[in-house]
Amino acid sequence: MADLAAEPTPTNRPGEASSKVGANPADTLKVIRAAILGTVVEYYDFGIYGYMATLLAAHFFVESDPNSALLSTFAAFAVAFFLRAPGGILFGHMGDKYGRKKALTWTILLMAVATTGIGLIPSYATLGIWATCLLVLCRCLQGFAAGGELGGANAFVSEHAPAHRRAFHTSFVNTGTYLGSLVASLVALVLTSAVSEDTLHDWAWRIPFLLSAVIGLIGLYIRRQLPETEQFEAVQESDSVEVAKYPIADVFTHAWRQIVLVTFLGALIVGGYYVAGVYAASYLQTEGGRSADFAFTSTCIAMVAAVISLPIAGYVGDRIGRRPVFFFGSGVTALISLPAFMVMRDGSPVAAVLAQCSLTFFIGLVNGVSFAAYAEIFRARYRYSGIAMSNNVTNMALGGTAPFIATLLINTTDNNLAPAGYLIATALMTFVATFFLKETRGTELEL
């Protein structure tokens with residue numbers, strides 16, 4: 001078990017190229033900027049559904065009990081995550097066989113179309129059950145697109161980054177996940193503050209979804225200008241590296257241990273993000289008795305804390321290693337989760353905000369080194385597929401289900417601190433998995 005990440009090792013074999021190619025600073029900066037923007041678009045689109053959950057429940061899930069309608073909305077939120085794995089397989093295949101750039105262009109286009117569609121669907125009062133079906137369909141398309149996004153963007157940047165700054169560079173890509181949520185939360189906050197409740201329920205709730213069409217087109221344009229990675233091109237041109245006909249089959253055959261390891265390493269990153277960064281907005285309202293404005297403001301500040309933590313983690317991870325950061329971030333999160341939820345429920349407004357920020361900060365530390373470590377334990381010929389599959393299995397099991405399970409735990413146990421137990425469990429999964437991670441700081445990527 002101690003060598004889960006040891007085969008293949010992230011060092012070069014005779015006759016194989018390394019990841020030193022493509023490390024031109026100007027090109028790397030352009031790639032990072034485009035990857036961040038694309039990830040912002042993807043996670044804005046994916047997160048806005050969670051932030052607008054109570055409004056979607058009222059328009060698309062007509063139930064006599066508001067709690068049941070909210071559960072139905074979060075269930076649809078979770079369903080999309082089961083489409084992430086097929087999306088990861090398709091876009092991973094495309095990225096490993098035909099190019100990272102091509103796959104990432106299609107992910108952002110599909111996500112923008114699906115999110116804009118949610119903003120155009122007539123409500124249940126107009127279409128009845130068909131409105132609900134169309135909402136779920138658009139949500140599933142979001143999940144399918146998201147399945148190929150984050151893993152691909154990080155593989156793309158990892159292959160452009162120099163070995164000694166890989167974690168720092170990929171940490172900026174991961175800021176896109178939090179910045180996307182931050183933008184979504186800001187949009188929700190501005191909307192709830194700027195219009196009356198009647199206007200919001202009547203038509204204004206559609207605005208955040210329709211905005212996706214604009215930012216999606218911007219992201220699509222920028223991504224189409226990117227150069228392909230030299231590592232991908234080296235695989236295509238190499239005489240010693242066989243390009244797999246089906247990369248997903250290749251990664252399961254040669255790197256299943258790495259898939260298992262990455263799946264568990266990502267438990268806190270995924271489960272923590274959706275509990276502390278998405279579900280917490282609902283928790284502050286339903287259990288803490290806070291207003292929607294307060295909940296969205298707190299979540300915005302918490303996302304800023306997470307964004308700050310990511311490059312710090314990347315810098316430290318490049319200096320002392322990936323494993324110490326994994327251990328520290330997951331260990332602290334396990335210790336503070338219960339007190340943080342108690343404060344979010346009963347504390348003063350300032351204390352509640354600080355509690356949520358503490359959670360997102362330490363979860364962000366783990367996230368900051370994660371994808372550099374993932375890229376370093378998968379070979380280039382199936383790197384996109386390997387990262388996407390591992391990340392999507394974790395998202396399917398612990399991400400999309402998180403808000404639903406957190407709400408269900410409270411309803412079934414009658415204990416409104418139960419979500420903290422879920423968060424602690426994910427932190428411990430990551431902490432234990434780190435024991436099986438081989439340190440890869442400073443190593444060159446393998447073809």
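Which helix does Leu134 lie in? The answer is helix α7, and we'll come back to that helix below. Keep in mind that this is a predicted model. Here's a quick tour, starting with the overall build and ending with the charged pairs.

**The big picture**

- The protein is built with 21 helices and zero strands, so don't go hunting for a sheet.
- Out of 447 residues, 62% are buried.
- Take the contacts between residues at least 6 apart in sequence: 86% of them join residues at least 24 apart.
- The accessible surface adds up to about 16000 Å², and carbon and sulfur atoms account for 67% of that.

**A nonpolar patch on the surface**

- Leu127, Ile129, Trp130, Leu134, Leu137 and Leu141 together make a nonpolar surface patch of about 580 Å².
- Helix α7, which covers residues 129-146, supplies the largest share of this patch, with five residues.
- Leu134, the residue from the opening question, has a relative accessibility of 35%, so it counts as partly exposed.

**Cysteines without partners**

- If you're looking for disulfides, the count in this structure is zero.
- Take Cys140: the nearest cysteine sulfur belongs to Cys138 and sits 9.4 Å away, while a disulfide needs the two sulfurs within 2.5 Å.
- Cys140 counts as buried because its relative accessibility is 15%, which is under the 20% cut-off.
- Cys300 is also buried, because its relative accessibility is 7%.

**Salt bridges**

- Searching the whole structure turns up nine salt bridges.
- One of them pairs the side chains of Asp96 and Arg100, with 2.8 Å from N to O, and both of these residues are buried.
- Another joins the side chains of Glu159 and Arg383, again with an N to O distance of 2.8 Å.
- Glu159 belongs to helix α8 (residues 150-160) and Arg383 to helix α19 (residues 383-399), so this pair ties together parts of the protein that are 224 residues apart in sequence.
- Glu159 and Arg383 are both buried.
- These two pairs don't stand alone: Asp96, Arg100, Glu159 and Arg383 are linked in a network of salt bridges.
- Asp318 and Arg322 also meet through their side chains in a salt bridge, at 3.1 Å from N to O.
- Asp318 counts as buried because its relative accessibility is 11%, and Arg322 is buried with a relative accessible area of 1%.

Definitions and conventions. Residues numbered from 1 in each chain as written. Predicted model: local features only at pLDDT ≥ 70, side-chain atom pairs only at ≥ 80, totals over all residues. Heavy atoms only, no water. Helix = DSSP H or I, 4+ residues; strand = E, 2+ residues; numbered from the N terminus. Buried < 20%, exposed > 50% of the residue type's maximum accessible area, 1.4 Å probe, protein only. Contact = heavy atoms within 4.5 Å. Areas by Shrake-Rupley, 256 points an atom, 1.4 Å probe, with all protein chains shown as cover. Patch = residues over 30% accessible without salt bridge, like charges linked within 9 Å, V, L, I, M, F, W, Y side chains within 5 Å. Salt bridge = Lys/Arg side-chain N within 4 Å of Asp/Glu carboxyl O.
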